[in-house]
Amino acid sequence: MQPQTAPSPQFSLRPPMEAREKFNRLTTWVIVAALLIWSWRGSEMNPMTLFRDAGNIGTLLGDFFPPNFMDWRLYVKEMLVTLQVAIWGTVLAVICAVPLGILSAENMVPWYINQPVRRLMDAARAINEMVFAMLFVVAVGLGPFAGVLALWVHTTGTLAKLFSEAVEAIEVSPVEGVRSTGASYVEEVVYGVLPQVFPLWISYSLYRFEANVRSATVVGMVGAGGIGMVLWELIRSFDFQRTCAVMAIIVLVVTLFDLISQKLRKMVI
Amino acid sequence: MIHVTNLNKSFSGVKALSDINLHIERGEMVALIGSSGSGKSTLMRHICGLTAGDRESGQIMVNGCLIQEQGRINRDIRELRTHIGVIFQQFNLVGRLSVARNVCLGALSRTPFLKGLFGNFAKEDLELTCKALERVGIADKAWQRTSTLSGGQQQRAAIARALVQRAEVMLADEPIASLDPESARVVMSTLQELNRTDGITVVVTLHQVDYAIQYCPRTVALKKGHIVYDGPTANLTRAMLKTLYGSESDDLFGRKEEAPTIVQGAAA
């Protein structure tokens with residue numbers, strides 16, 4: 001006698017679908033399609049202009065070439081300032097995100113601590129660094145320091161969330177082991193939690209540094225120092241050949257730092 | 001040394017421990033046996049103050065100090081835990097730290113706060129760590145990352161950590177359940193040696209009676225949260241276990257009397 005579960009010629013890897021499942025799947029597709037159409041209207045999508053104004057775009061692109069590297073000394077100097085802004089913005093954020101990350105982890109502190117800290121971090125993360133940069137320019141004046149502050153606040157929000165997620169994914173058994181020796185709460189965190197999350201934290205910090213090198217190039221546009229300021233001046237004066245040179249330098253440096261940080265991240269994990 | 005009186009514990013309405021009374025004298029080596037779910041690990045966690053009993057419980061005293069009373073854990077529990085070494089089934093070591101550092105963590109509670117934070121342990125404690133590693137026979141692994149050790153070696157590192165704690169009581173919760181027979185033998189012999197030469201009181205939970213017979217003079221048997229036997233291990237016979245545990249008793253012996261028969265039709 002043949003058992004009923006034996007593979008038949010029409011064997012399928014998926015279990016047979018019920019009518020309700022079929023309906024659910026259809027509904028999902030309808031919702032996705034509706035969302036796409038709705039957003040198309042709102043964002044005034046008009047692909048035809050790309051073809052109609054192809055000539056204009058061509059002329060604009062033409063204006064970019066050949067790039068003008070006459071003032072390359074200035075660009076390199078400002079690019080270095082941008083990097084310096086990214087470095088300090090990230091370092092300050094990492095320092096603040098360590099305690100804040102632990103304070104917003106569910107398994108480390110009671111809800112009446114982690115919930116307020118989380119909401120604060122949400123706020124720091126929700127506002128783009130450009131907005132913070134504009135505010136800090138008003139507060140501390142034009143210049144790179146405003147950029148550092150902007151990156152600091154925004155990155156703290158992002159890193160605290162990533163750090164706390166790493167903390168929430170730890171194993172409890174080593175922590176319990178440390179606790180069983182009679183250690184205090186802070187010692188439990190230092191010896192039971194930190195060694196477990198350390199590689200992940202380093203990796204997240206480096207990833208944010210990459211992102212901050214990119215962000216630091218734009219915070220300058222609102223007056224917070226670095227290459228962004230130069231870029232903004234050039235674009236405003238329609239000097240596209242020099243703009244092209246600056247963009248080339250940005251692409252070069254950002255790519256370089258992405259590669260370096262990728263290598264470092266592979267090393268720590 | 002360990003006095004548990006009228007301990008009760010229920011998890012969401014289900015009784016895990018009911019009216020446990022247990023008294024263990026200094027220098028004893030006691031086996032706590034029972035099949036899985038019988039409450040032996042729960043009892044252990046209560047004795048070291050990691051879990052609180054129900055409100056209608058008595059006291060748990062270890063070494064003359066109150067651990068918990070009527071479901072409330074003593075506020076100075078962190079200090080009291082220093083004197084109780086706990087050995088866990090999953091070793092509970094910090095995998096990314098070196099073996100030596102894990103063992104030295106046993107000295108944390110008597111290290112000043114800032115020194116402990118920066119891993120600046122006292123010279124005596126470093127010497128004690130070195131000695132403890134030698135005693136359990138893994139001195140050659142001192143600088144290795146703990147996660148690279150075998151299960152048996154990790155368990156011995158955990159015992160060394162309890163030694164550095166200068167624990168007078170060792171609670172070993174299923175210390176050999178995830179080890180191969182040879183490593184299990186080494187771990188049990190290490191515990192026995194500490195019990196005999198240092199007079200450390202050892203309580204070890206096991207789910208195989210064989211090891212209890214070999215290493216522990218006294219056995220406490222648990223079944224569904226009740227103590228069903230407490231006395232010399234020598235008096236425990238297979239027939240007696242059969243009456244205590246019924247069909248479960250096969251589980252308690254490592255070696256089965258007969259090979260399991262192949263389930264009919266499974267190969268079809």
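Colleague: What makes Ile176(B) a residue that touches Ala184(B), Val187(B), Met188(B), Leu206(B) and Tyr211(B)?

Modeller: Contact means heavy atoms within 4.5 Å, and Ile176(B) meets that with each of these five, not counting residues up to four places away in sequence. This is a predicted model, in which local features need pLDDT of at least 70, side-chain atom pairs count only at pLDDT 80 or more, and totals for chains, interfaces and linings use all residues. Residues are numbered from 1 along each chain as written, chains are lettered from A and ligands numbered from 1 in written order, and side-chain values use heavy atoms, leaving out hydrogens and water.

Colleague: Why is the set with Ile33(B), Ile176(B) and Leu206(B) called a nonpolar core?

Modeller: A nonpolar core is a set of Ala, Val, Leu, Ile, Met, Phe, Trp, Tyr and Cys residues that are buried and joined through side-chain atoms within 4.5 Å, where buried means under 20% relative accessible area (1.4 Å probe, protein chains only). The largest such core has 56 residues, and those three are among the ones with the most contacts inside it.

Colleague: How do you know that Glu188(A) and Arg78(B) form a salt bridge?

Modeller: The term asks for a side-chain nitrogen of Lys or Arg within 4 Å of a carboxyl oxygen of Asp or Glu. Their N to O distance is 2.6 Å, so the pair qualifies. Chain A and chain B share two salt bridges.

Colleague: What makes the area between chain A and chain B "buried"?

Modeller: Buried area is the accessible area (1.4 Å probe) that two parts lose on being put together, summed over both. Here that is about 2000 Å², with 60% from carbon and sulfur atoms.

Methods:
Buried means under 20% relative accessible area, exposed over 50%, partly exposed in between (1.4 Å probe, protein chains only).
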